[in-house]
Structures are given as structure tokens and as C-alpha cells.
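Please open the model in your viewer and keep the selection panel at hand. The stops below name what to select next and what is there.

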Amino acid sequence: GRAALLLMAVFFAAVLISLTVTDFPKQSFRGTIKIFSQLSILFLVFYFFRNIAAQSKLKLVVFCSFLLLVVDGAWQYFHGTDFLRGFEAQDASSGRRLSASFEHYGKLAAYLCAVLPVVLGYAAAAWRVGWKNRSFWMWTFLSVAGLTLLFLTRSRGAFLAFFFTAVMVLILRRAWKILAVLCIAGAVLVALLPRSMVIHLDAENKEQSIVERFELWHRAWDVIEQRPWTGTGINTYAVAHQQFDTRQNWRVKNYYAHNGYLQTASEIGIPGTMALVSFFIWWLWINKPSAKDKTAVAEIRWGLLGGSIAFLIFCMGDTAMHSLQPVAAFWFVLGLLGAFNPKGRQEA
């Protein structure tokens, strides 16, 4: 729609304007190419998968690619190294943290936030057809394996993003009984989790992740306060934020902001970031299914909506918006969300 194009135009214009003020032109040029690539994924996926025939073929691609990820994660869990790219699992006090072929457990967690709800959507769609069919049990197995893989990233941010997304989707679907069960199960799970997974203490006996993120967010806000309209230039935060840092805290020096929205605002300014956030909200709202729609396609749409929301929530406390593979998966899912809207679907 025109609203989407207008908001995307404002966002990309802010990216281009940031090119004129950057002190690091090479980094900003690469950043502009990255943003252009991400927007291209959105529009290409949206236009290609509006075709019903293309949508039917997508199911096999999703199943096979996610199954490969699950197998790779299982191999890494038992052997210590994934077989696709040779990345090692990371040991922590809470246990082995899996990354599969994503190098870091945080990237895998971000990818799962975007894609695992889609797998769950396909499982729900198969259930609509009939729980006795083989397809339902195959998707159910894949869903359980994906949830296990998410747990083994031991990423609290991903857990919270997934939980709040489930709550939001269930509210939109008006599934109050399931929501009550989910909340009870969530409380029980927190009580049963090892303390080392719930609380990460540092050398000062403080909650490490929260304290560090407070410092990271404060640094990003220092940049925004001094460059509110244009930012420091797209893709420059890691090399530019030091000169704006008012606190000079010893924690996590020279690091991403761990908040995709603050980091984006620090790089391209508040107006461009507001346009991007507005686009996300508008796109999610116009493409959400009706709570009264009980079809199999609606279940897939709920999964796509959930994947989009979970990723955006996860970005509030992590670097997912600036990680190549997870953010590409997110824009792919976001494009599918629009493509599966019945108003735009094409027979051939």
C-alpha cells in the first residue's frame, strides 16, 4: 500500500541523509547496501509468494531447512561442534549454549524467534486438516525440537520475547483459556529453571546482563541526544559512539547498543527510526488474521505474525537487528506475512 511505501521512503531517505554526515564513509556505504538488501527481501518475497502455487511449495522449503537446523543443533549438543560450519558450542554456568551454524547462541536465538513461530503455525495448520494425518505429527515433532533448541540457547531475552509474543497472539485470538494455561506454565517454568539461567551475577554480585544493558543503552542515548536528526551515519555506531559517551564506564567497551531501535536512532536519527517503527506497527496490524478465521491458512498467518513480533521484541534487548542472518530471516518472514494476506493473494 501507499502508506508502506511512504514510510519505507522516509526511512531510506534518512539512511541516505546519514551518508552525508558520517565520519566513516566506507562503513556507511556498506550499511546502506545492507539496508537496501533487507528492503529488497521484503518486497521480493511479498510479490513472489502472493502466488498460491508458490505458497504451497514454501512448506517443503521451511520444513527441510528447519529440520537441517535442528539436526545440526543436536549434533553440536552431543559432539560440541556443528557439522555445517564447525562452530563450537559455548559453555556457561547454566550449561552448554547452542549456536548451531550461527556462530553465536544469540544469533540462533534471534533466528528462532523469527522462524519457530512459523513452524508452529504450520503444525497448527496441519492440525486443522486433521490430527491423524502424518503431516501434523511431522510438524509437531519439528515444533518440539525447535522449542528444545530455543531452550538450549539459554537466551533469557529469547524466552521472554517468545512468551510475550504468545501472550499477544492469544489475546488477539481471544483464546483466554489457553492464555491462562500459558501463564501458569510460564510461572512454573521460571520456578523450575536453574538459578544460573534466571539470574546472571557478575564479579560485583550484580545482575550482569541488566546492568550491562543499562550502560549500553545509556551510551546509545548519549549519541541520540547529540545527533537526534541525522545520527552518526548508518552502520557506524560501533566505531562512532565513543566520542559521545558521557559516562566512560568500564563495562562492555566498544560494543553494540543491544537495542536495535536505539542503535538505529543513533545512526540515522529519530525521524528515520520513527518511520521504520511506524512501518512495522502498520504492517503487522493490517496483515493480522481475524480471530474468527479458523482456516489452515489463518494458522500459518498467525505463525508469521508471531515470528515478526517475537523478533521485534527480541531486538529491544539484543543485537539481532544488526546481525546479518537473523535480520534477513526476519525480513523474509515479514514479506510472507503480507503475501499470505488473502486480500493480495493470486491464484497463478
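Select Leu-84, which is found in the loop between α3 and β1 (90–92); helices (H or I, at least four residues) and strands (E, at least two) are DSSP runs, numbered from the N terminus. Leu-84 counts as partly exposed, at 42% relative accessibility, where buried means under 20% relative accessible area, exposed over 50%, and partly exposed in between (1.4 Å probe, protein chains only). This is a predicted model, in which local features need pLDDT of at least 70 and side-chain atom pairs count only at pLDDT 80 or more, while totals for chains, interfaces and linings use all residues. Residues are numbered from 1 along each chain as its sequence is written, and side-chain values use heavy atoms, with hydrogens and water left out.

Extend the selection to Leu-67, Leu-68, Val-71, Trp-75, Phe-83 and Phe-141, which together with Leu-84 form a nonpolar patch on the surface with about 640 Å² of accessible area. Such areas come from the Shrake-Rupley method with a 1.4 Å probe, and for residues only the protein chains shown count as cover. Patches are made of residues with over 30% relative accessible area and no salt bridge, like charges being joined within 9 Å and nonpolar side chains (Val, Leu, Ile, Met, Phe, Trp, Tyr) within 5 Å; a salt bridge is a side-chain nitrogen of Lys or Arg within 4 Å of a carboxyl oxygen of Asp or Glu. Helix α3 (residues 52–79) gives the largest share of this patch, four residues.

Stay in helix α3 and pick Gln-55, which is buried, with a relative accessible area of 5%. A polar atom of the Gln-55 side chain lies 3.1 Å from the backbone oxygen of Ala-339.

Turn next to the rings, of which the structure holds 20 aromatic pairs; rings of Phe, Tyr and Trp (its six-membered ring) pair if their centres lie within 6.5 Å, and planes under 30 degrees apart count as stacked, over 60 as edge-to-face and the rest as tilted. Phe-46 and Tyr-47 form an edge-to-face pair, 5.0 Å centre to centre with 70° between the planes. Phe-46 is buried at 17% relative accessible area, whereas Tyr-47 is partly exposed at 48%. Trp-282 and Trp-283 form a tilted pair, at 6.4 Å and 45°.

Ring pairs link these residues into a cluster that also includes Phe-279, Phe-280, Phe-311, Phe-330 and Trp-331.

Finally, select Arg-50, whose charged end sits over the ring of Phe-46, 5.4 Å from its centre; the criterion is NZ of Lys or CZ of Arg within 6 Å of the ring centre and within 35 degrees of the ring normal. Arg-97 lies over the face of Tyr-105, at 3.6 Å from the ring centre.

Note on methods. Polar contact = N/O pair within 3.5 Å; in protein donor to acceptor, adjacent residues only side chain to side chain.
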